[in-house]
Amino acid sequence: MFILPRPKERIGLFGYHSPFLILLTESLELVMDSQLHYQRVECKTIDGVAISALLWTTHEPAPAIIMTHGFNCVKEMILPDTAEAFHRAGYNVLLYDPRGVGASGGSPQNLLDPLQMAEDLSDILTYVESLPSVDKRRIVQWGVSFGAAAVVCSAAIDRRVGAVVLVGPLFRYVQPHKADAAFAELIQDRVSQLRGDGPRSVEIFTDTGDNMIGMSGAGGPGGLEAYNIVRAAKEYGYEGFRDTVSLQTYYKLALFRPLEYMDMIRAPLMMIIPELDDISPPDEQRMALAKVKSRRVEYLARGKGHLNIIAGEGSEEIVKATVEFLRALEPMFSHTSSYKVMAKQTWLITGCSSGFGEQFVRQLTALGDQVIATGRNAETKLAHLKDTGAVILDLDITVPQAEMDRKFAQALQAYGTIDVLINNAGFIQCGAVEELTQEELQLSIDTHLHGPLNLTRSALPHFREKKSGWLVYMSSQSGFIGEPGGTGYCASKFALEGAVESLSKELAWLAPGIKPLIIEAGLFDTEVMRNIHHPDSRVPFWKPLNDAARVRGEGNYQNPQGDTADMISKVIQIVKGTGVAEGREIPLRITFGSDCFDTVRDKLQALQKTYGEWEAVARSTDRAGARPPMPDIPTV
């Protein structure tokens, strides 16, 4: 990846051989020798500040990546090589100096205000979307460390952002034991300025790796490495780099709460977490990632620390993983360098209060599609989805057919059409056959069989009229595998899959433009395992089974195998014919989760073995000379 010899003698000035320090010299020489394919540009903020940037452009309209650097770093440090790699993968890239840093305008110099950076990012995005080589609907914000935290705030507000990539984001800035002394010094500086003195600047790190508020691993190995990097950057002469910041930077950081913005992000998000990060603890990064309500992906950079996350061995894999993430965001990105424009679709989704349904709503609205989200007691249980822009509709999936028809007509009025129906509402009913009452079993069958079929009957006239549409049924491995204690759930899901299989053959004959799809899901990170309906213990003989079912349910809730956001993203791709589905024929059933796949495969192999062993017996009852059965679908 790197093409210049490493000037080790210069690194030796500090007696410290860091991959980041080595890369500092390489990135500077790459820029100075013009071995990268960029141009220098300026973009203006709303208040007229000139932001200096390096810009890589493509030959045809394509997505763009805006790259925000770490604390006080200038654009020529480290990242040009990463930007070049993104450009080779088919992306426009803009790498910039923040306000007051490097070659950018702004006063006082090196006053780092993360919220101001977030505002400036919106203005930078406006510049990027004006470029003729950029598909303005698909702009990615990428940030590392402190820059990643600024990206969080920008992406939370600016819904033009198509995707977010956070590399080792830093969420905590002030160590409590430093707060009192630091805050007193900050206030004294403000008082001094009011008396006519100039703003003070301070070194970012002392020679012991410490700083006044205790940020960025201060006082430890991370702080010491950061100190050496700052010294090296100054020594190597990066344009506009300064090894100090305005003292009031720390006032801004003391008020900065990027974690509080994470759940406001609506764009798909990837977080790259350094395994050995001693500056931004990995557990804190994961806690932040868990707050994201849109599609989220974690990439663990093994063997990497905070300051070498994009330097040295393994950096190519991180770029590759990022590109794979962005290309997987179909229909946002195709598997080529150009963006594939997809028509908006209208989706009617049941069971949206949490889990699969909520993910459908959030991901589809983030893609710009039109969504009608339904659920029982929607005014309260779906209140958290109102900010997505989805139409909220109250719907109990167990209502009679006439009421279902009225509800579908009401949904149809929202946008005048429906393209995709997602039958998702459901719950898990446990209990042994002997204990489960007819009423309990009926509730499961009404929810998982009659409800979806009633809604399907309501939708079919509309789909037949437009000669197209998708009927998606969120099933389970329990629709193919009987499980002990799962009578109600398995019976209803088995019945649903049988009915939909029959429906698929009916439609294939007379309405081939309408596509049914069964999704058989394994164990995913939703609340369904926490909310299992367990029957009252009516027969003491079955108590061990019921106890085991409770233990299994809680265990599966605590350790789910599947990533819900990832699965829902792939279901969307399948419906749209992009990503994992591009160029492939879509079957009636698709499994998700290794647990589901292995269970279904094992049953199929066992059935194949059994049928082979009993084939002769099965065929032995045929009447001599009998003709084969009539075909399911008449041939013309």
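Visitor: What does the secondary structure of the chain come to?

Guide: The chain has 18 helices and 17 strands. The model is a predicted one.

Visitor: How much of the chain is buried, and what makes a residue count as buried?

Guide: A residue is buried when its relative accessible area is under 20%. Of the 636 residues in the chain, 55% are buried. The accessible surface of the chain is about 28,300 Å², and carbon and sulfur atoms hold 53% of that surface. The C-alpha trace spans about 100 × 60 × 50 Å along its principal axes.

Visitor: Why is valine 167 called buried?

Guide: The relative accessibility of valine 167 is 1%. The cut-off for buried is under 20%, so valine 167 counts as buried. Valine 167 belongs to strand E6, residues 161-167.

Visitor: Which residues does valine 167 touch, leaving out those up to four places away in sequence?

Guide: They are Trp142, Gly143, Val144, Ser145, Ala148, Ile272, Ile309 and Ile310. For tryptophan 142, 25 residues from valine 167 along the chain, the C-alpha separation from valine 167 is 7.8 Å. In the chain, 74% of the contacts with a separation of 6 or more join residues 24 or more positions apart.

Visitor: Why are helices H3 and H10 called oblique to each other?

Guide: Their axes cross at roughly 40 degrees. Roughly parallel requires an angle under 35 degrees, and roughly perpendicular runs from 65 to 115. The angle falls in neither range, and therefore H3 and H10 are oblique to each other. The crossing of H3 (residues 79-88) and H10 (residues 315-327) is right-handed. H3 contributes Thr82, Ala85 and Phe86 to the contact, and H10 contributes Val319, Thr322 and Val323.

Visitor: How many residues of each class are in the contact of H3 with H10?

Guide: There are 4 nonpolar, 2 polar and no charged residues.

Visitor: What makes H13 and H14 oblique to each other?

Guide: The axes of H13 (residues 401-415) and H14 (residues 438-466) come within 9 Å and cross at roughly 50 degrees. That value lies between the cut-off of 35 degrees for roughly parallel and the 65 degrees where roughly perpendicular begins, so H13 and H14 are oblique to each other. Their crossing is right-handed.

Visitor: Which residues make the contact of H13 with H14, and how do they divide by class?

Guide: On H13 they are Gln401, Met404, Asp405, Phe408 and Leu412. On H14 they are Gly451, Asn454, Leu455, Arg457, Ser458, Ala459 and His462. By class, 5 are nonpolar, 5 polar and 2 charged.

Terms used
Residues are numbered from 1 along each chain as its sequence is written. This is a predicted model: local features need pLDDT of at least 70, side-chain atom pairs count only at pLDDT 80 or more; totals for chains, interfaces and linings use all residues. Side-chain values use heavy atoms; hydrogens and water are left out. Axes are lines fitted to C-alpha atoms, for helices over the stretch in contact, and angles run from 0 to 180 degrees between N-to-C directions. Helices (H or I, at least four residues) and strands (E, at least two) are DSSP runs, numbered from the N terminus. Angles under 35 degrees count as roughly parallel, over 145 as roughly antiparallel, 65 to 115 as roughly perpendicular and the rest as oblique. A crossing is left-handed if the near helix is turned anticlockwise from the far one by less than a right angle, and right-handed if clockwise. Contact means heavy atoms within 4.5 Å. Ala, Val, Leu, Ile, Met, Phe, Trp, Tyr, Cys and Pro count as nonpolar, Asp, Glu, Lys and Arg as charged, and the others, Gly among them, as polar. Buried means under 20% relative accessible area, exposed over 50%, partly exposed in between (1.4 Å probe, protein chains only). Accessible areas come from the Shrake-Rupley method with a 1.4 Å probe; for residues, only the protein chains shown count as cover.
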